[in-house]
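Colleague: Please take a close look at one part of this model and describe its local geometry. I should like the backbone to be treated together with the packing.

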Amino acid sequence: MRSFAVSRTVAASLCLAASLPLPAASAGAQSIDAVAARISAQSLRGHLSFLASDLLEGRGTPSRGQDLAAEYIAAQFRRAGLEPAGDDGYFQTSERQYAERDMTRFSFTVQAGGRAVPIPAGAVDLRLRDALALQDVPVVSMLWAEAMADAARADGKLLVLAMPADRRAAYADLGKFKGKPALLVLVDAGKQSGSGVNGWLVEEDGATPAGGMQRMLTVYGADAAAALGAPGASASVTVPAPGTRTVRLRNVAGVLRGSDPVLKNTYVMLTAHYDHLGIRNGDIYNGANDDGSGTVSVIEIAAALAADSKRPRRSMVFMTFFGEELGLVGSRHYGKHPLFPFKDTVADINLEQIGRTDDNEGTRLRTANLTGFDYSTVPAALQRAGKRFGVTLWKHKENSDRYFAHSDNQSLADAGVPAHTLSVAYAFPDYHGKDDDWQKVDYDNMARIDRTVAAGLLRIANDRTAPKWTDAPNAAKYREAAKKLKVEK
Ligand SMILES: [Zn+2]
């Protein structure tokens, strides 16, 4: 398909005589239109109504619902005729330890003014990994700034701090906190209950997650806040040790081999994460937009491209990741164990939240954002593809840079592969809420976005020149990583 330039010239000259019937389009253009025609809103709705159904219980990592989702995605790849690319058919498996606590053995009692106030397990989020047993420890309430300046005053005691409005800044502060309290308790009086999550994936190297401060928990509710704030209060806390079990987590991967004898050994990736938040406090978080929308788009685009009798020059890899919501775990696993060499991987387009158009900042129809918009030449390829389908790719002023490291493109970018996340809406009303349901997705708009993505992938897959990082200052470290890959070559 050498015809991109040619077809554009033909089209331009035709504008002068628009009433003439169009001659047969060039092979390349024909192929893009045929692929686009196979992407349908109805098909996307069908896939998403299953993946975001209550049966799949929010696709938490790990869960039976997530395993069902993985099987469904693999079945769709199989149906499309993709070649399996994992270590177990379409699955790239990662065996991990999952730690979980029996919270029926948790207790937290505050003694104040001759009264014992119990704080229930549901009103607490634990941020400590080990067991803990404190008996009648004095409680010290401090202001945030006070605690940062005079940390030692609470050493050996239970230090109570009110949760500041800016949580992010607060957690950053805590990273520098030098005190040695028996337990640090953050109090959030505005909320009534915690996340209900009491399990976590153990890091592969056995390390505890970053954050420095290990003995910490958050307590919710006005009653707990009042008890902990009472003068002369003391507290007893029992946190049981976690038990661990082995879990088998799975990325799902399929490949469509390219047609060029040399370029078929190079790869363009299309990715999305298929996990979501699971069940929390009895509510199912279906994650239809986050990121069921990206997942069904990978399925739909893969099927549309695989059904074409013509193959692009480069190979295409379609992949959905587990564990994004736990901190990009599935894509980081891929970063450590790539199925195709990074030096031969020319680009990744990662899809996130492309179904909802009701962005908090206003309606987003026929538009999509890309993170790291100025970082590589990939966005330009998508922009050109978008023109064909009336879709504008644009740079969100703050979020384009800010969110670059917040999704699964990051592991690939770190390895040097030009990789971006494409989204329609960043913040939307049900973001990480229990009502992110499949009925709220704009399927016609999503189909249009998917046609653009498919055309963009084809462009990259047929272009003999691979995308590259630009000289944008924020892309410097990825450019360096790419240089190292070239040396490998
Ligand atoms: Zn997401």
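Modeller: Helices (H or I, at least four residues) and strands (E, at least two) are DSSP runs, numbered from the N terminus. The model is predicted, with pLDDT of at least 70 needed for local features and 80 or more for side-chain atom pairs, while totals for chains, interfaces and linings use all residues. Residues are numbered from 1 along each chain as its sequence is written, and side-chain values use heavy atoms, without hydrogens and water.

The part I have chosen is the pair H3 and H4, with the loop between them. Helix H3 covers residues 41–51 and helix H4 residues 64–80. Their axes (lines fitted to C-alpha atoms over the stretch in contact) lie 10 Å apart. The packing angle is about 155°, on a scale from 0 to 180 degrees between N-to-C directions. H3 and H4 are therefore roughly antiparallel, the term for angles over 145 degrees. On the H3 side, the contact (heavy atoms within 4.5 Å) is made by His47, Phe50 and Leu51. H4 contributes Ala69, Tyr72 and Gln76 to this contact.

The loop between H3 and H4 holds two backbone features. Glutamate 57 is located in this loop and has a positive phi of about 50°, although it is not a glycine. Its relative accessibility is 36%, so glutamate 57 counts as partly exposed (from 20% to 50%; under 20% is buried and over 50% exposed, with a 1.4 Å probe and protein chains only). Proline 62 belongs to the loop between H3 and H4 as well. The peptide bond that joins threonine 61 to proline 62 is cis, with omega about -5°. Most residues other than glycine have a negative phi, and most peptide bonds are trans.

Each of these features may be set beside another in the model. Leucine 328, a residue other than glycine, has a positive phi near 55°. Leucine 328 sits in the loop between strand E16 (315–321) and helix H9 (329–336). With a relative accessible area of 13%, leucine 328 is buried, whereas glutamate 57 is partly exposed. As for the peptide bonds, the one from aspartate 290 to aspartate 291 is cis, and its omega is near -5°. Aspartate 291 lies in helix H8, whereas proline 62 is in a loop. Aspartate 290 has a relative accessibility of 2% and so counts as buried.

Notes. Parallel < 35°, antiparallel > 145°, perpendicular 65-115°, else oblique.
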